[in-house]
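Grab a coffee and work through these exercises with the model open beside you. Each one sets a task, then walks through a solution.

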Amino acid sequence: MWAVQYHRYGDPSVLKTEDVAVRKPKPGEVMVETVSSGVSAIDLMYRSGKLRMHGVGFPKQTGFDVLGIVRESRVPGLKADRWVWAVLDVEPLRRRGTAVQYLTVGSERIGAFPEEFVPPAEAGSLPLGSLTALRGIRDGVRARYGERLLIVGAGGAVGLAAIQLAVALGVETDAVCGARAIELCRGLGATRVFDHATPEALEPRRSGDYDAVLIAAGNGRDWLGAARPPGRIVLTRGDAWLRTLPAALRARRRIGAIAAGHKSAELTELAQLVAAGILRPVVDRTYAVTDLARAHEEFGKGGTAGSRLICHTMP
């Protein structure tokens, strides 16, 4: 099978498509023929060597989440031809990734779509971002019906999923994003949308009007004044939380950090929301898997208005 791998840390040019052996599933595992996947910050951190928690030695594979079809199953109740998606989570003892033709993975890392439902290929951009958003909304800021929530960095995969999940809960949701994502956020149900690069964004920063604030991008220190004291403020990246913590302590604001994890029940819940039309993918740019290096190169360069989608069909 093909797999996108790298033999040393470095810039996106280290990514190479190579032939590797297919691993057959063991009891409790399935083998998934992959269809599409997303690109996330953690992919870049692994590839560059900034985060070295991806197995010992080389080669290492890239990719953290994926959409596909079960081709072989050794999981009771999960038959071949079922559509699933998967999130790998941090695996310090493994070098695998999801930018592969076939992914063999344990049942605890997959979520199944309803039988007979065929998700669009664009859904491959959702798993990691929507799982992070679900954790942020439900377990992080604990948003409840009728409350006011501010989502900062709303134009990316996490933010756009968070808007949809919060609105579905009946939470009044405002968003901060770049200019390109303003209409997207409004279309997904955000009540008010602020362009982070304009003076208007100063209003929510200092308002103290929000029951909770979810920060998916940007400088967390800038948004400590948006929440009512003592605040329910959650960041979706641990490094951003560390940088924000001293200012939060001085301002007497409570802040937390969340990670996506990989719970099967939550992935299945999100798959059901996709099937019900409650959660939908928003794709900004699409790349062939042979062009994955360019996707890495362009990731995070500003102007975000949706996810990056990697199509796994080889030419």
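**Exercise 1. Work out why C177 has no disulfide partner.**

Step 1. The closest cysteine sulfur to that of C177 belongs to C185 and sits 3.9 Å away, too far for a bond. A disulfide here is a pair of cysteine sulfur atoms within 2.5 Å.

Step 2. Now check from the other end: C185 is in no disulfide either, with the sulfur of C177 as its nearest at 3.9 Å. The count comes to zero disulfides.

Step 3. Look at the surroundings. C177 is buried at 3% relative accessibility, and C185 is buried at 0%. Buried means under 20% relative accessible area, exposed means over 50%, and partly exposed is in between, with a 1.4 Å probe and protein chains only.

A word on the ground rules: this is a predicted model, where local features need pLDDT of at least 70 and side-chain atom pairs count only at pLDDT 80 or more, while totals for chains, interfaces and linings use all residues. Residues are numbered from 1 along each chain as its sequence is written, and side-chain values use heavy atoms, with hydrogens and water left out.

**Exercise 2. Find which strand gives the largest share of the lining of the second largest pocket, and follow that strand.**

Step 1. The second largest pocket holds about 270 Å³ of space. On a 1 Å grid over the protein atoms alone, a pocket is an open set of points with protein on both sides within 12 Å along at least five of seven lines; a cavity is a set where a 1.4 Å probe fits but cannot get out; lining residues have an atom within 4 Å of a point. Volume is the space filled by probe spheres set on the points, which are joined across faces, edges and corners.

Step 2. Its lining has 13 residues, with M1, R23, Q61, R96 and T104 nearest the centre. Strand 7 (residues 102-106) gives the largest share, three residues. Strands (E, at least two residues) and helices (H or I, at least four) are DSSP runs, numbered from the N terminus.

Step 3. Four of the five residues of strand 7 are buried. Strand 7 runs antiparallel to strand 3 (residues 29-38), joined by five bridges; pairing takes at least two DSSP bridges. Across that pairing, V32 stands opposite L103.

Step 4. Go on into the loop between strand 7 and strand 8 (110-112), where you'll find R109. R109 is buried at 12%, and a polar atom of its side chain lies 2.8 Å from the backbone oxygen of L88.

**Exercise 3. How many cavities of 30 Å³ or more are there, and what lines the largest and the second largest?**

Step 1. The count is three cavities of 30 Å³ or more.

Step 2. The largest cavity has a volume of about 80 Å³. Of its 14 lining residues, Y46, H54, G63, F64 and R96 are closest to the centre.

Step 3. The second largest cavity holds about 70 Å³. Its lining includes S125, L126, R280, P281 and S307. Helix 2 (127-140) and helix 3 (157-168) are the elements that give two or more residues to this lining, and helix 3 has the largest share, with four.

Technical notes:
Polar contact = N/O pair within 3.5 Å; in protein donor to acceptor, adjacent residues only side chain to side chain.
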